[in-house]
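Me: I have a structure to go through, and I keep tripping over the terms. Can we take them one at a time?

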Amino acid sequence: IRDQLAIYLVDQMYANVDVPGELGEVLPERLQPLATPIAGGLRQLTEQAAREVLSRPRAHALWADANREAQLALLTTLESDSQVLSDTGGDVVLDLRALFDQMQERVGIGGRVADRLPTDAAQITIMRADQLESAQNGLKLIRGLPVMLVGLSLALFGLALAIAPGWRRNALRAYGIGFVVAGTAALLTEDQAGQALVNTLVQNEANEPAAANAWTISTALLVEAAWAGIFYGLFMVIAASLAGPSQPAVAIRSAIAPYASRAAVAYATLAVFVVLLLWWAPTPATREPALALILIVLLTAGTEALRRQLVREHPDADLGVAIERARERAANAASGSRPGPSPVVAEATSSPPGGPPNGDQLE
């Protein structure tokens, strides 16, 4: 992007400044006929100087300011139909005049005529005035869709949980699969739309990398949201599977029951998980206080639901016995010996001294 911008600014300088004339005024009289070929040869050096200027923090700040002003002007016009674009004839433009002046100061050409440059020098038209009405109508149409669709999705999910108590785990799993599908579809759409946009707008193949990078930067939040949807969906699918009747799920619940069925242990573990999640901040919601609070509430509700299920399934789960068994397994693993049967199992399976067990003992 910086390379293409450097070429554009140099093109603007040569289009709006009489470079041979400027050189002719400073060259000795006998060298003035060489002003035109010198100006042509100077172009490549000027592009190098422009790239150097654009690589500096000051230029980065000017570039960000120019983009921010153009975006605010567009949003203000779309939302309030104001006359904020009257100076540009109603067009939304990216005004790079400040960067243009920086380059001129660095190169030393055109500085004396900078005040006489046309007002549209170094201005890139983003949207023409005749396109704004369509954009305003489109904004009115889609503005309420995100809130409405998200609210409708959550309401339908809540309705599914309310009317089918025996089907809640399947509903949660299906909802998670929907998140994964939606996130994947968004990623595919972003990729295909970017390719189509670049192929449509860019006529010169050499400019395609810059256009593709611009698309990647401008859709970064969409990509983050798509991956967040996939992450949340997978989390819901795993949670639904963990609460299910499959053999692995039952084994996992049996293993964690002595620990997770106790409120203090369960919520201490949840607190550690939440702290690590907020520190990692893998999704946009974890970086927004209000949305992060909603996630914490949902995680707390899920933890309590799992804890209650463990209490129902394993009412006699004993934390002390589980810790003792864990110590035995650790000791056996350290010594390399295989663990033998527990005293209860050994007593039940061994024969008494007088012969085989009778019916009562076997029972």
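Me: What makes up the secondary structure of the protein chain?
Reply: The chain comes to 16 helices and two strands. Keep in mind that this is a predicted model.

Me: How much of the protein chain counts as buried?
Reply: Of its 363 residues, 26% count as buried. The cut-off for that word is under 20% relative accessible area.

Me: What share of the contacts joins residues at least 24 apart?
Reply: Take contacts between residues at least 6 apart in sequence. Of these, 73% join residues at least 24 apart.

Me: Why is A281 called buried?
Reply: Set the value against the cut-off. A281 has 16% relative accessibility. Buried means under 20%. A281 therefore counts as buried.

Me: Where is A281 found, and what is notable about its phi?
Reply: A281 is in the loop between α12 (263–280) and α13 (289–313). Its phi is near 50°, a positive value in a residue other than glycine.

Me: How do you know that the span of α4 is close to the expected one?
Reply: Helix α4 covers residues 57–80, which makes 24 residues. From first C-alpha to last, α4 reaches 34 Å. At 1.5 Å a residue, 34 Å is expected.

Me: Which residues of α4 are buried, and what covers them?
Reply: They are A59, L62, A66, A70, A73, L74, T77 and L78. The cover includes α3 (35–54), β1 (92–95), α5 (97–107), β2 (123–127) and α6 (129–142).

Me: Why do residues three or four places apart point the same way?
Reply: An α-helix has 3.6 residues a turn, so residues at that spacing point the same way.

Me: What about the span of α8?
Reply: Helix α8 has 34 residues and reaches 48 Å. That is close to the 50 Å expected at 1.5 Å a residue.

Me: Which residues of α8 are buried, and what do they pack against?
Reply: A171, Y175, G176, G183, L187, E190, G194 and V198 are buried. They pack against α7, α9 (208–218) and α10.

Me: What makes α8 and α10 roughly antiparallel?
Reply: Helix α8 (residues 168–201) and helix α10 (residues 220–242) pack at about 155°. Angles over 145 degrees count as roughly antiparallel. The pair therefore earns the term. Their axes are 7 Å apart, and α8 passes α10 in a left-handed crossing. The residues of this contact divide into 18 nonpolar, five polar and three charged.

Me: How do you know that α7 is roughly antiparallel to α8?
Reply: Helix α7 (residues 145–163) packs with α8 at about 155°, with axes 9 Å apart. The cut-off is over 145 degrees, so α7 is roughly antiparallel to α8. From α7 come S153, L154, F157 and L161, and from α8 come R168, A171, L172 and Y175. By class, the contact has six nonpolar, one polar and one charged residues.

Me: Why are α1 and α3 called oblique?
Reply: The axes of helix α1 (residues 2–16) and α3 cross at roughly 135° and come within 9 Å. Roughly antiparallel needs over 145 degrees, and roughly perpendicular runs from 65 to 115. The angle of roughly 135° fits neither range, so the two helices are oblique to each other. Their crossing is right-handed. The contact residues include L5, L9 and Y14 of α1 and L42, T46 and L54 of α3. By class, the contact has 11 nonpolar, one polar and six charged residues.

Conventions
Residues are numbered from 1 along each chain as its sequence is written. This is a predicted model: local features need pLDDT of at least 70, side-chain atom pairs count only at pLDDT 80 or more; totals for chains, interfaces and linings use all residues. Side-chain values use heavy atoms; hydrogens and water are left out. Helices (H or I, at least four residues) and strands (E, at least two) are DSSP runs, numbered from the N terminus. The expected span of a helix is 1.5 Å times one less than its number of residues. Buried means under 20% relative accessible area, exposed over 50%, partly exposed in between (1.4 Å probe, protein chains only). Contact means heavy atoms within 4.5 Å. Axes are lines fitted to C-alpha atoms, for helices over the stretch in contact, and angles run from 0 to 180 degrees between N-to-C directions. Angles under 35 degrees count as roughly parallel, over 145 as roughly antiparallel, 65 to 115 as roughly perpendicular and the rest as oblique. A crossing is left-handed if the near helix is turned anticlockwise from the far one by less than a right angle, and right-handed if clockwise. Ala, Val, Leu, Ile, Met, Phe, Trp, Tyr, Cys and Pro count as nonpolar, Asp, Glu, Lys and Arg as charged, and the others, Gly among them, as polar.
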